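Me: I would be grateful for a close look at the aromatic residues of this protein. Please describe how their rings are arranged, and then place them in relation to the nonpolar interior.

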Amino acid sequence: MGSLDNYEFCQRYMTDGEYILWKGRPEKGNVFTGQEAVLLPFSVIWLAFSVYWEMTALQSGASCFLVLWGIPFVGIGIYLLAGRFFMTAYLRSRTFYVITNKKIIIRQGNRMRMYEGRNLPSAEIVIHKNGCGTLKFGRMVDARNGYRNGIAFMIENVADVAQVQNALDSMDR
């Protein structure tokens, strides 16, 4: 698929009188969130312990079961420490956003999600250090008879978040 037809996918999902207000894709590069402050130390500890387990099992002559038992945990540690950044970059390279006057269409690889404009939850805008922004569309989540905010979907790491917000404001609701 060439770069000119990356957004043609949305044409078949548009109705009569529907037109594109904005289209874009996430910028390259990782965005560090508050979640990273917890995940990075956790992943270092996880990986260190699982490598220690493997080394101890190998050096002590433990059974093959114990040696094999630790391998998935080392793999998880490597993914948590570094692999998830590569996965995020890969997914962003395959993500396209389209805002029409009636809905938001998000294509990520072969998956497509559509959100009707009249049913959009409230949005929070987060401006990142790189100057890009993310719109987080919230939903209420039942947390044992109490409600708290969750994230329904996001338009992530876009260069001009103000244009996205203007497009959202121009939607027919």
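Reply: In this predicted model, W69 and F73 both belong to helix α2, which covers residues 64-93. The two residues are 4 positions apart, about one turn of the helix. Their rings form a tilted aromatic pair, with 5.9 Å from centre to centre and 45 degrees between the planes. W69 has a relative accessibility of 45% and therefore counts as partly exposed, since that class lies between 20% and 50%. F73 is likewise partly exposed, with a relative accessible area of 30%.

A pair with the 4-residue spacing is also found in helix α1 (residues 34-59), where F42 and W46 are about one turn of the helix apart. The ring centres of F42 and W46 are separated by 5.7 Å and their planes meet at 55 degrees, so this pair is tilted. An angle counts as tilted here because it falls neither under 30 degrees, the stacked class, nor over 60, the edge-to-face class. F42 is partly exposed, at 41% relative accessible area, and W46 is partly exposed at 26%.

These residues belong to a wider arrangement: ring pairs join F42, W46, F65, W69 and F73 into a cluster. The structure holds 6 aromatic pairs.

The nonpolar interior may now be considered. In soluble globular proteins, nonpolar side chains tend to be buried together. In this model the largest nonpolar core has 17 residues, of which I99, I104, I155, V164 and L168 touch the most other members. At least two residues of this core come from each of β2 (95-100), β3 (103-108), β6 (133-142), β7 (147-158) and α3 (161-169). The greatest contribution is that of α3, with 4 residues.

L168 illustrates the contacts made at this site. Setting aside its neighbours within four places in sequence, L168 is in contact with I99, I104, L120, L135, F137 and R173. An aromatic residue, F137, is thus included among the contacts of L168.

Apart from the largest core lies another core, of 7 residues, which includes Y7, F9, M14 and V98. Here F9 has a further partner: R107 lies over the face of its ring, at 4.8 Å from the ring centre.

To return to the aromatic residues, the four that make up the two tilted pairs described above, F42, W46, W69 and F73, are partly exposed. F9, by contrast, is a member of a nonpolar core, and such a core is by definition a set of buried residues.

Terms used: Residues are numbered from 1 along each chain as its sequence is written. This is a predicted model: local features need pLDDT of at least 70, side-chain atom pairs count only at pLDDT 80 or more; totals for chains, interfaces and linings use all residues. Side-chain values use heavy atoms; hydrogens and water are left out. A nonpolar core is a set of buried Ala, Val, Leu, Ile, Met, Phe, Trp, Tyr and Cys residues joined through side-chain atoms within 4.5 Å. Buried means under 20% relative accessible area, exposed over 50%, partly exposed in between (1.4 Å probe, protein chains only). Contact means heavy atoms within 4.5 Å. Rings of Phe, Tyr and Trp (its six-membered ring) pair if their centres lie within 6.5 Å; planes under 30 degrees apart count as stacked, over 60 as edge-to-face and the rest as tilted. A charge sits over a ring if NZ of Lys or CZ of Arg is within 6 Å of the ring centre and within 35 degrees of the ring normal.
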